[in-house]
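Please open the structure in your viewer and keep the selection panel at hand. The tour below proceeds from one selection to the next.

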Amino acid sequence: MNTNEVIVSIQNVSKAFGKQEVLNDISLNVYKGEIFGLLGPSGAGKTTLVKMLTGLDLPNRGENHLFQEKMPSLKLIEKIGYMAQSDALYGELTAKENLEFFGALFGLNGKALQSRISKVMDVVELSDHLNKTVHHYSGGMKRRLSLATALLHEPELLILDEPTVGIDPVLRMSIWRAFYELNEKGVSIIVTTHVMGEAEKCHRLAMLRDGRLIAVGTPEQLKADTDSSSIEEAFLAYGGVKA
Ligand SMILES: Nc1ncnc2c1ncn2[C@@H]1O[C@H](COP(=O)(O)OP(=O)(O)OP(=O)(O)O)[C@@H](O)[C@H]1O
């Protein structure tokens, strides 16, 4: 369901921590309706880039625009769902209590909040564990609950930082099914990964290495342009190191 409407515009963005340049002149558009992947090995700069897209960090040079609004912008908070790399959940609370807390932050309450909670728990297949203390959740369940918190306020754009890291292949497939279902309902998704198989599931991909953009395109284009039979081969052909 790709469209021509640009919802994320990354314009000549660079970022350094001290003397270490972590992102170098990145320019990139993401269109409404896309599942867009940021692929690169550990340390490539994926998290740094998505943090800037959510407004949690600022570039040293360049600008990020989301929905035609320069980031950071408080106005956009309701349009974005962000799932960070590490789960930001309260272990001593139940899943329901966690979701009530995060829902309240977005101004949800009463029946509307309870209805959203049951909907998002259904999406992540955790409905049977609503009243379980998060402390007793497995790592994979926590990832899925984090996704549920990102979905609560029905964001138009989901930004997911390695959402399936540490999750077994069966669960990974069920999470990707959830992404496709959300996408079919009009949600655009930006997802970071270093897993080649996941990159293949995205509509378009940006390949990052050492803070530089080395290629952008559909998985099919990237493979065809490098005469590769896999995304991994294409990544190496573009000058990436093994992710
Ligand atoms: N707050 C910070 N202070 C100093 N250096 C940082 C900071 N955040 C990130 N870095 C450095 O920036 C580089 C890129 O990190 P980043 O987390 O963006 O990479 P990544 O592609 O997301 O990697 P991973 O897949 O391991 O999460 C790394 O060398 C990291 O050490």
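This is a predicted model. Begin with the open sheet, in which four strands are arranged in the order 2-1-4-5 with antiparallel pairing. At its edges lie strand 2 (20-31) and strand 5 (69-70), each of which pairs on one side only. As general background, the strands of a sheet pair through backbone hydrogen bonds, in either a parallel or an antiparallel sense.

Next, select residues 6-17 and residues 61-66. These are strand 1 and strand 4, which are joined in the antiparallel sense over five bridges. Display glutamine 11, and then find glutamate 63 of strand 4, which stands opposite glutamine 11.

Now move to residues 46-53, which form helix 1. Is this helix mostly covered or mostly uncovered? Helix 1 is mostly covered, since six of its eight residues are buried. The buried residues are Lys46, Thr48, Leu49, Val50, Met52 and Leu53. After helix 1, select glycine 55, which has a positive phi near 90°.

Then select residues 80-83, which make up strand 6. In a regular strand, side chains alternate between the two faces of the sheet. Which residues of strand 6 belong to each side? Ile80 and Tyr82 lie on one side, while Gly81 and Met83 lie on the other; all of them are buried, and both faces of the strand are thus covered.

Finally, add residues 157-161, which form strand 7 and pair with strand 6 in the parallel sense over four bridges. To inspect one of the partnerships, display tyrosine 82 together with isoleucine 159, its bridge partner in strand 7.

How values were computed. Residues numbered from 1 in each chain as written. Predicted model: local features only at pLDDT ≥ 70, side-chain atom pairs only at ≥ 80, totals over all residues. Buried ≥ 20, exposed ≤ 12 C-beta atoms within 10 Å, placed from the backbone. Helix = DSSP H or I, 4+ residues; strand = E, 2+ residues; numbered from the N terminus. Pairing = 2+ DSSP bridges.
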